[in-house]
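Subject: The model to look at

Hi,

Here is the structure to look through when you have a moment. My notes come after it.

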Protein chains: 2
Amino acid sequence: MTDAPQTAREVARAELTAAILDSARSQLAQVGPAALSVRAVARDLGMVSSAVYRYFATRDALLTGLIAEAHDDLGEAVEAADAGVRRGDLRKRFRAAAHALRDWARSHPHEYALCYGSPVPGYAGSAETTTSAARATLVLLQLAGDAELAGRRGGPARVPAAEKASVKPVSESVDPALSPASTVRALAVWAALVGHVSLEVFGQLEGSVLDPDAHFAAVVDLLAADLDLA
Amino acid sequence: MTDAPQTAREVARAELTAAILDSARSQLAQVGPAALSVRAVARDLGMVSSAVYRYFATRDALLTGLIAEAHDDLGEAVEAADAGVRRGDLRKRFRAAAHALRDWARSHPHEYALCYGSPVPGYAGSAETTTSAARATLVLLQLAGDAELAGRRGGPARVPAAEKASVKPVSESVDPALSPASTVRALAVWAALVGHVSLEVFGQLEGSVLDPDAHFAAVVDLLAADLDLA
DNA sequence: CCACGGATGCGAGCAGTGCTCTCGTCCACG
DNA sequence: CGTGGACGAGAGCACTGCTCGCATCCGTGG
């Protein structure tokens, strides 16, 4: 990741790889993942399709690259929103992060679909994409951790032993002191956020909810209360 | 919908349409929506691809048919689970419905993706698919209505006027007496269920949650408490 | 400095796709 | 019984992902 390319060839390779991803990203934004074509990307860059295969072994590999980029982009947006609020104002931080998630998803619907929609058939989450994928989730989990430090606990009263063990990897990736109850609550809230945004971005709320902005705000406030945020 | 076919031609047409959908459904279950091929369906039925186009104008039309079927299938499963429990036992009804949703999704991942994953590019929700799509959601909304009748209110304390107006079409489709607060809560819980199942079925929980069954049960119990179910 | 090997781009080509068109055929209705 | 419309077959077009053999050019070891 931090390899400084040296030879002209390596520089050219890195630049062309980036150019391919750029072109692919703009195509993705226009026509969606299903219609993304390696040949079209090649045409856009003024080369022949087989040349692209020197950089991405397969169409799915290209898509995988876009998925990693999308996760990072989303993670950055959510992190920035969270970081823009005073750390002690938990409710405001939550609101900012949640709205950042929704705003990003609405302005990048196809990228969002890549992240949280139907999985790409040939996609296997590699190590680095996994950490990128967790960035947005992590913001929420850390929020729950901070809430718990502030003496606020929004989780269930009792957590079965099996579930305590089950969510251990999650809480440990944030803060070993994060209680199972808070972890369960945070994961449920995260699921609600992703679920809501998916339903909205994928058009499932179309005829039912008249004012999506007002409705999302109401849901976010409700979830903030569930998290017992100040 | 209730047209009794009469002439032999109409019968044959209805049968072949069903046969095409059957073959397409089995293909979908095996290779997923992206790889579903009209030609392969035609081969499977021993005819030529152009003949299939007499029945479905386009590949997306075929997929749309599958989407409608999937929504109905899922709706039926959730309705049956809910109906199998004494009406007064709200918590048990909720648990049954929620687990029916997850079980169906896990055993029909590609169909679930059709319903709640990335939307099919050429898909436009027609009137009948819309009503099919709402079946599972409606079960939960009615549950919230029954809870409210029983004097239980799990919604937010105050609902802004804009949001009250916004969710009016939803509550009216269930029971005009359903309060905005209960509607918001029900929609948030629905989003949490869909979000959780999507994350799980689409593989996003893979490395984090060790015991998906225990975790889903814990989340469902938490949501039941949020709904203030007995 | 130069020769060699590997990385790169190109073009042709294969197998497959969605979809269209034309052409016989066969059934239903007048 | 005749005719118009629905139907299935087949060829074909434009496109796709991907492979392969060929030149070319760059970086490195001698």
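Below is what turned up, starting with some ground rules and then going from one chain to the pair and the DNA.

This is a predicted model, in which local features need pLDDT of at least 70, side-chain atom pairs count only at pLDDT 80 or more, and totals for chains, interfaces and linings use all residues. Residues are numbered from 1 along each chain as its sequence is written, while chains are lettered from A and ligands numbered from 1 in the order in which they are written.

Chain A first. You'll find 11 helices and zero strands there, where helices (H or I, at least four residues) and strands (E, at least two) are DSSP runs numbered from the N terminus. Its C-alpha atoms fill a box of roughly 60 × 45 × 35 Å, taken along the principal axes.

Inside chain A, have a look at helix H4 (residues 59–83) and helix H6 (residues 109–116): their axes come within 9 Å and cross at roughly 105°. (Axes are lines fitted to C-alpha atoms, for helices over the stretch in contact, and angles run from 0 to 180 degrees between N-to-C directions.) That makes H4(A) roughly perpendicular to H6(A), a label for angles of 65 to 115 degrees. On the H4(A) side the contact includes Leu66(A), Ile67(A) and Ala70(A), and on the H6(A) side Glu111(A), Leu114(A) and Cys115(A). Contact here means C-beta atoms, placed from the backbone, within 7 Å.

Now the pair. Chain B can be laid on chain A with an RMSD of 0.0 Å by a turn of 180° and a shift of 0.0 Å along the axis, so the two copies are related as by a two-fold rotation axis. The superposition is by least squares on the C-alpha atoms of residues with pLDDT of at least 70 in both.

How many residues of chain B are in contact with chain A? There are 47, and they touch 48 residues of chain A. H10(B) gives the largest share of chain B's side, 11 residues. That side divides into 30 nonpolar, 12 polar and five charged residues. (Ala, Val, Leu, Ile, Met, Phe, Trp, Tyr, Cys and Pro count as nonpolar, Asp, Glu, Lys and Arg as charged, and the others, Gly among them, as polar.) The copies meet through the same surface, because 100% of the interface residues of chain B are also interface residues in chain A.

One helix pair across the interface is H10(A) (residues 180–201) with H11(B): the axes come within 10 Å and cross at roughly 80°, so these two are roughly perpendicular as well. Val184(A), Arg185(A), Leu187(A), Ala188(A) and Ala191(A) meet Ala218(B), Val219(B), Leu222(B) and Leu223(B) there. By class, that contact has eight nonpolar, no polar and one charged residues.

Finally, the DNA. Around strand C there are 21 residues, with Met47(A), Ser50(A), Ala8(B), Ser50(B) and Arg59(B) coming nearest. A residue is near a strand if its C-beta atom, placed from the backbone, lies within 6 Å of it. They divide into eight nonpolar, six polar and seven charged. Strand D is surrounded by 20 residues, and Ala8(A), Ser50(A), Arg59(A), Met47(B) and Ser50(B) are the closest.

An unreviewed UniProt entry places a "DNA-binding region" at residues 37–56 of chain A. Over that stretch the chain is 55% helix and 0% strand, with the end C-alpha atoms 13 Å apart. UniProt positions are in the numbering used here, feature names are shortened, and annotations may be inferred rather than shown by experiment.

Cheers

Note on methods. Two residues are in contact if their C-beta atoms, placed from the backbone, lie within 7 Å. Angles under 35 degrees count as roughly parallel, over 145 as roughly antiparallel, 65 to 115 as roughly perpendicular and the rest as oblique.
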